[in-house]
Amino acid sequence: MRAVKGQVELVVRMCRKVLAKESVHGQLMEICREIRRHFGFSRVVIFLVDEVLRQIRGAAGSGLRLTYIRSQAFPIENRGGIEIPNAISRCAATGRPETCRLRIADAGYRKFVRGKSPLNRTYAKEYALLPLKVRGRTFAVIAVSVMEGEGTLTDETVATLASFADFVSLVILQAKELQERRRLEREIESVSEQIQRRLGQDFHDGLGQDLTGIRMRAELMEERLNGVSAEAAADAQRIVKLARQAVERARKLSRGLYPVTLERHGLLSALQELADSATLMYGIRCSVSAPRRIDIRKSTTAIQLYRIAQESVHNAVKHGRAGRVTVGLLRRKGRGVLEITDDGTGFDTHTKSTGMGLNVMRHRAELIDGELRIRAMRPSGTRVLCRFPLPSK
Ligand SMILES: Nc1ncnc2c1ncn2[C@@H]1O[C@H](COP(=O)(O)OP(=O)(O)OP(=O)(O)O)[C@@H](O)[C@H]1O
Ligand SMILES: [Mg+2]
């Protein structure tokens with residue numbers, strides 16, 4: 001029972017770790033670590049094999065010189081007693097587990113390892129080789145080494161490792177699909193931002209300028225009609241008023257669609273503009289607090305954070321009837337934090353929302369590899385918190 005529990009825990013932990021890694025190499029390193037830790041082998045390496053099975057493309061967890069392995073060109077004959085590449089090749093070609101014993105102490109084998117690798121001191125005497133397959137094709141081989149003094153590989157252990165490898169294959173497939181989905185989501189998001197930006201610019205530069213032109217002509221007309229016909233001048237004045245309103249509307253619309261300031265002056269300035277406009281529009285006190293400068297260079301991160309702040313401020317006013325809203329942009333424990341705090345009515349953050357705003361905010365946070373939390377404040381109010389990775393210096 002305990003053994004089963006251990007396996008389940010291993011599987012769950014490994015799934016979580018593998019799915020969190022972006023690169024295939026990072027995923028394979030996690031798998032190596034977990035197998036080592038769980039089964040107690042001191043050395044586990046995963047070889048990425050080339051599609052046509054003629055070469056190794058990479059080796060995770062090895063410390064092996066890739067150039068050296070590549071120079072061994074698959075499938076290789078038994079050169080200088082190095083049996084392992086042959087066995088990897090066989091395992092990759094058949095898609096079945098293999099075991100092999102190592103004939104050691106040849107010069108080629110010594111070159112096979114780098115630096116202070118344990119293999120330099122203690123030789124591996126046996127290997128279990130397990131294929132990792134996606135849709136029936138082997139793309140990598142797990143090599144589990146049994147070192148001198150580590151006992152021997154039993155058939156039962158090999159069988160357990162083989163079924164474990166099948167499971168690992170599924171996790172990797174899942175990770176690949178997840179990555180592909182995230183990539184597509186990012187693409188869709190970026191296309192929709194581009195469209196909004198185009199629309200925003202068109203509103204600003206096209207429609208906005210046309211309306212300004214109309215307003216100016218109407219002002220001139222009003223001036224000319226003054227003293228000619230009081231009635232016509234009053235009409236012209238009405239047109240001027242309407243044109244002014246239309247200009248203001250187009251400006252607001254264009255800003256809402258795409259915050260031009262964000263591109264020109266960065267996230268902090270855009271957040272400041274958002275706060276100023278909320279203060280003006282809703283008659284609340286909205287301010288920005290950023291004690292230390294945070295450099296967000298990626299425009300995709302900046303736009304997602306801006307949109308999260310925009311929706312939070314909007315929710316605070318619309319639902320919370322807040323009188324005060326603070327937008328904070330800070331660095332905490334090496335991560336960036338955007339937090340929007342309001343003193344409104346607050347709400348039960350556990351109830352399922354029918355609106356789109358909160359879900360879209362969560363999705364935006366995920367797109368920038370961040371996470372979103374919503375907390376109820378005391379005595380009342382809400383805090384939306386988005387933690388996100390900062391670029392390494
Ligand atoms: N700051 C807040 N203060 C009080 N209630 C909030 C706050 N933010 C969200 N809510 C509550 O959570 C619900 C869901 O918010 P969400 O933004 O997802 O949807 P919505 O604002 O109702 O609609 P949409 O954003 O799609 O226009 C809101 O209807 C509201 O009841
Ligand atoms: Mg909303």
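Questions on a predicted model

Author: In this predicted model, the magnesium ion (ligand 2) has Glu311 (OE) and Asn315 (OD1) as its protein donors, lying 2.0 to 2.2 Å from the ion.

Reader: What makes Glu311 and Asn315 donors of the magnesium ion?

Author: A donor atom must lie within 2.8 Å of the metal. The atoms of Glu311 and Asn315 lie 2.0 to 2.2 Å from the magnesium ion, so both qualify.

Reader: Why are glutamate 311 and asparagine 315 separated by about one helical turn?

Author: Both residues belong to helix H11 (residues 299-318), and they are four residues apart there, which means a separation of about one helical turn.

Reader: How do you know whether asparagine 315 is buried or exposed, and what of glutamate 311?

Author: Buried means under 20% relative accessible area. Asparagine 315 has 15%, so it is buried. Glutamate 311 has 23%, which falls between the limits of 20% and 50%, and therefore counts as partly exposed.

Reader: Why is the pair of phenylalanine 39 and phenylalanine 41 called stacked?

Author: A search of the whole structure finds two aromatic pairs. In the pair of phenylalanine 39 and phenylalanine 41, the ring centres are 6.4 Å apart and the planes stand at 25 degrees. Rings pair if their centres lie within 6.5 Å, and planes under 30 degrees apart count as stacked; the pair of phenylalanine 39 and phenylalanine 41 is therefore stacked.

Reader: What makes the pair of phenylalanine 39 and phenylalanine 164 edge-to-face?

Author: Here the distance is 5.7 Å centre to centre, with 75 degrees between the planes. An angle over 60 degrees counts as edge-to-face, so this pair receives that name. The pair links distant parts of the chain, since phenylalanine 39 is in helix H2 (residues 24-39) and phenylalanine 164 in helix H7 (residues 155-225), 125 residues apart. Through ring pairs, Phe39, Phe41 and Phe164 are linked into a cluster.

Reader: How do you know whether phenylalanine 41 and phenylalanine 164 are buried or exposed?

Author: The relative accessibility is 11% for phenylalanine 41 and 6% for phenylalanine 164. Both values are under 20%, so both residues count as buried.

Reader: Why is the charged end of lysine 176 said to sit over the ring of phenylalanine 139?

Author: The charged end of lysine 176 is 5.9 Å from the centre of that ring. The limit is 6 Å, together with a position within 35 degrees of the ring normal. The distance is thus inside the limit, and the charged end of lysine 176 counts as sitting over the ring.

Reader: What makes arginine 13 and glutamate 34 a salt bridge?

Author: The rule asks for a side-chain nitrogen of Lys or Arg within 4 Å of a carboxyl oxygen of Asp or Glu. The N to O distance between arginine 13 and glutamate 34 is 2.9 Å, so the rule is met. Arginine 13 lies in helix H1 (residues 2-20) and glutamate 34 in helix H2, so the pair ties together parts that are 21 residues apart in sequence. Glutamate 34 is buried at 1% relative accessibility, whereas arginine 13, at 24%, is partly exposed. By this rule the count for the structure comes to 20 salt bridges.

Reader: How do you know that arginine 335 forms a salt bridge with glutamate 371?

Author: Their closest N and O atoms are 3.9 Å apart, and this is within 4 Å, so the pair counts. The pair links distant parts of the chain: arginine 335 is in strand S8 (residues 335-342) and glutamate 371 in strand S9 (residues 371-376), 36 residues apart. Arginine 335 has a relative accessibility of 27% and counts as partly exposed; glutamate 371, at 32%, is also partly exposed. Elsewhere, salt bridges that share partners join Arg13, Lys17, Glu34 and Arg37 into one network.

Reader: Which residues touch the most other members of the largest nonpolar core?

Author: They are Leu267, Leu271, Ile308, Leu338, Ile340 and Phe388, in a core of 38 residues. H11 gives the most to this core, with nine residues.

Key: Residues numbered from 1 in each chain as written. Chains lettered and ligands numbered in written order. Predicted model: local features only at pLDDT ≥ 70, side-chain atom pairs only at ≥ 80, totals over all residues. Heavy atoms only, no water. Phe/Tyr/Trp six-rings, centres within 6.5 Å; stacked < 30°, edge-to-face > 60°. Buried < 20%, exposed > 50% of the residue type's maximum accessible area, 1.4 Å probe, protein only. Helix = DSSP H or I, 4+ residues; strand = E, 2+ residues; numbered from the N terminus. Donors = N, O, S within 2.8 Å, 3.2 Å for Na, K, Ca; no water. Core = buried A, V, L, I, M, F, W, Y, C linked by side-chain atoms within 4.5 Å.
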